[in-house]
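I have a new model open and want to get my bearings. These are my notes, in the order I looked things up.

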Amino acid sequence: IKENMALNELTLLQTDACAYVKQTSLVFDIIFLDPPFAHPEYFQVIDVIRERNLLQPEGFLYVESPQEN
């Protein structure tokens with residue numbers, strides 16, 4: 001992954017998404033979220049991303065979700 005990061009201008013963050021989206025001014029092409037599903041701010045992160053325009057107009061938001069039975 002690190003080799004490809006330099007070639008593709010990829011930034012990989014492993015952090016608390018709730019705190020990060022509230023303070024960043026970066027705008028992303030793709031955001032991957034793999035939150036703890038029982039976390040009380042699970043949907044708030046998505047709202048903050050939308051409200052703060054943290055995705056490029058043609059960007060993608062990929063959110064892991066619990067398996068449905």
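**Confidence**

This is a predicted model, so I began with how far to trust each part. Where in the chain is confidence lowest, and where is it highest? I found the low end in helix α1, residues 2-8, with a mean pLDDT of 55. The high end is strand β2, residues 55-63, at 92. For the chain I noted a mean pLDDT of 80, with 80% of the residues at 70 or more.

**The core**

Next I looked up the largest nonpolar core. Which residues make it up? I counted off 10: Cys18, Tyr20, Val21, Phe28, Ile31, Leu33, Val45, Val48, Ile49 and Leu54. Helix α2, strand β1 and helix α3 (42-51) each put at least two residues into this core. I jotted down the background rule too: in soluble globular proteins, nonpolar side chains tend to be buried together.

I then picked Ile49 from that list and checked what it touches. Setting aside neighbours within four places in sequence, Ile49 has contacts with Val21, Ile31, Leu33, Leu54, Leu55 and Leu61.

**The pocket**

How much space lies in the largest pocket? I read about 750 Å³. Its lining has 23 residues, and the closest to the pocket's centre are Thr11, Leu13, Ile30, Ile31 and Phe32. I see Ile31 here again, after meeting it in the core.

Both α2 (17-23) and β1 (28-33) give at least two residues to the lining. The largest share comes from β1, with six residues. Sorting the lining by class, I got 14 nonpolar, six polar and three charged residues.

**Tyr62**

I moved on to Tyr62, which sits in strand β2. Is Tyr62 buried, partly exposed or exposed? Its relative accessibility is 42%, so I put it down as partly exposed. Not counting residues up to four places away in sequence, Tyr62 touches Ile31, Phe32 and Leu33. Tyr62 and Phe32 are 30 residues apart along the chain, yet I get 4.7 Å between their C-alpha atoms.

**Asn53**

My last stop was the loop between α3 and β2, where Asn53 is found. What is phi for Asn53? I have it near 55°, a positive value in a residue that is not glycine. I flagged that, because most residues other than glycine have a negative phi. Asn53 has a relative accessible area of 54%, so I noted this residue as exposed.

Key:
Residues are numbered from 1 along each chain as its sequence is written. Side-chain values use heavy atoms; hydrogens and water are left out. On a 1 Å grid over the protein atoms alone, a cavity is a set of points where a 1.4 Å probe fits but cannot get out, and a pocket is an open set with protein on both sides within 12 Å along at least five of seven lines; lining residues have an atom within 4 Å of a point. Grid points are joined across faces, edges and corners, and a volume is the space filled by probe spheres set on the points. Helices (H or I, at least four residues) and strands (E, at least two) are DSSP runs, numbered from the N terminus. Ala, Val, Leu, Ile, Met, Phe, Trp, Tyr, Cys and Pro count as nonpolar, Asp, Glu, Lys and Arg as charged, and the others, Gly among them, as polar. pLDDT is the predictor's confidence in each residue, from 0 to 100. A nonpolar core is a set of buried Ala, Val, Leu, Ile, Met, Phe, Trp, Tyr and Cys residues joined through side-chain atoms within 4.5 Å. Buried means under 20% relative accessible area, exposed over 50%, partly exposed in between (1.4 Å probe, protein chains only). Contact means heavy atoms within 4.5 Å.
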